[in-house]
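Good morning, and thank you for the opportunity to present. I would ask you to keep the model in view while I speak.

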Amino acid sequence: LQRGGSYGLSEKNLKKGPVYAEKSIAEALKGNIVAIHDASTDEGVQYKNEKKAEGIMSILCVPIKAMNEIIGVLRLYSGVPRVFTEDEIKLATAIANQGGLAIHNASLYLMLKEDIKDLRDCLLYTSDAADDLLCVDLGGRRIIKKKNTHTQRRPNTHACHQQIYNN
């Protein structure tokens, strides 16, 4: 698993070692919400001593969803043993869903940015190759003429295919 971000945890805790799919994480990745009352005694908790040293007593683990797909897990820690209320669980779920939507949108934005770059590169390449075939008509429309090599014509004449693009 890879940590996407954290807040409020010590560097020592963040560098404690690899985090495998603890029971709570595995359950959240299946779409379930997991609330752990006492992290020091729960069988599914990894690095119990490190959590105790960090002051982590209770854990709330909720799935992060984007477009009905689970893309990660949000874990919230408490410094005192506690039972999370229904309202707290709903709030954590709403935050996780908003985060998932933001992550999804950022991913779409990056893909779109890459597509635009690829399209620009393609257009520049095409433009360089077709400079001598580009015209603008009186209406300001760009006209690209392409030689049609499949049409039989008399020597020294060319059939053209025109594509008109409105500005």
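I begin with the side chain of Arg-75, which makes a polar contact of 3.3 Å with the side chain of Tyr-77. Please bear in mind that this is a predicted model. A further polar contact, of 3.4 Å, joins the side chain of Arg-75 to that of Ser-24. Where does Arg-75 sit? Its place is in strand E3, which covers residues 69-78. Is Arg-75 buried or exposed? With a relative accessibility of 16%, Arg-75 counts as buried, because the cut-off for that class is under 20%.

Let me now set that strand in its surroundings. An open sheet of three strands has the order E1-E2-E3, and its pairing is antiparallel. The edges of this sheet are taken by E1 and E3; each has a single partner strand, so one side of each is left without a neighbour in the sheet. From one strand to the next, the twist averages 20°.

I turn to the individual pairings. Strand E1, residues 34-36, pairs with E2 in the antiparallel sense over three bridges. In this pairing, Val-34 has Cys-61 of E2 as its bridge partner, and Ile-36 has Ile-59 of E2. The pairing of E2 with E3 is also antiparallel, and it runs over nine bridges. Here the bridge partner of Val-62 is Leu-74 in E3.

Why is strand E2 described as largely enclosed by the rest of the structure? Strand E2 comprises residues 58-66, and eight of its nine residues are buried, so the description follows from that count.

The connection between E2 and E3 deserves a moment. These two strands form a hairpin, with two residues between them. Met-67 lies in the loop between E2 and E3, and its phi is near 55°, a positive value in a residue other than glycine. Asn-68 lies in the loop between E2 and E3 as well, and its phi, likewise positive, is near 65°. As background, most residues other than glycine have a negative phi. Are these loop residues buried or exposed? Met-67 has a relative accessible area of 62% and is therefore exposed, the cut-off being over 50%. Asn-68 is exposed too, with a relative accessible area of 79%.

Next, the nonpolar cores. Which residues make up the largest nonpolar core? It has nine residues: Ile-25, Ala-28, Val-34, Ile-36, Ala-39, Val-45, Ile-56, Ile-59 and Cys-61. The elements that give two or more residues to this core are helix H2, spanning 23-29, together with E1 and E2. Apart from it lies another core, of six residues, among them Leu-60, Val-62, Ile-64 and Ala-96. The bridge partners mentioned earlier reappear here: Val-34 and Cys-61 are both members of the nine-residue core, as are Ile-36 and Ile-59. Val-62, the bridge partner of Leu-74, is instead listed in the core of six residues.

Val-62 also leads us to a helix. Lys-90 is found in helix H4, which covers residues 86-130. How far apart are Lys-90 and Val-62? They are separated by 28 residues in sequence, and in space by 9.8 Å, C-alpha to C-alpha. Lys-90 is exposed, its relative accessible area being 51%.

Finally, I widen the view to the protein as a whole. Its secondary structure comes to four helices and six strands. Along the sequence, the pattern reads α-α-β-α-β-β-α-β-β-β. The protein has 167 residues, of which 20% count as buried. About 12600 Å² of surface is exposed, and carbon and sulfur atoms supply 55% of it. As for contacts between residues at least 6 apart in sequence, 45% of them join residues at least 24 apart.

To close, I return to the starting point: Arg-75 is buried in the accessibility calculation, and its side chain makes polar contacts with those of Tyr-77 and Ser-24. Thank you for your attention.

Definitions and conventions. Residues are numbered from 1 along each chain as its sequence is written. This is a predicted model: local features need pLDDT of at least 70, side-chain atom pairs count only at pLDDT 80 or more; totals for chains, interfaces and linings use all residues. Side-chain values use heavy atoms; hydrogens and water are left out. Buried means under 20% relative accessible area, exposed over 50%, partly exposed in between (1.4 Å probe, protein chains only). A polar contact is a pair of N or O atoms within 3.5 Å; within protein, one must be able to donate a hydrogen and the other to accept it, and residues adjacent in sequence count only if both atoms are side-chain atoms. Two strands pair if DSSP finds at least two bridges between them. Axes are lines fitted to C-alpha atoms, for helices over the stretch in contact, and angles run from 0 to 180 degrees between N-to-C directions. Contact means heavy atoms within 4.5 Å. Accessible areas come from the Shrake-Rupley method with a 1.4 Å probe; for residues, only the protein chains shown count as cover. A nonpolar core is a set of buried Ala, Val, Leu, Ile, Met, Phe, Trp, Tyr and Cys residues joined through side-chain atoms within 4.5 Å.
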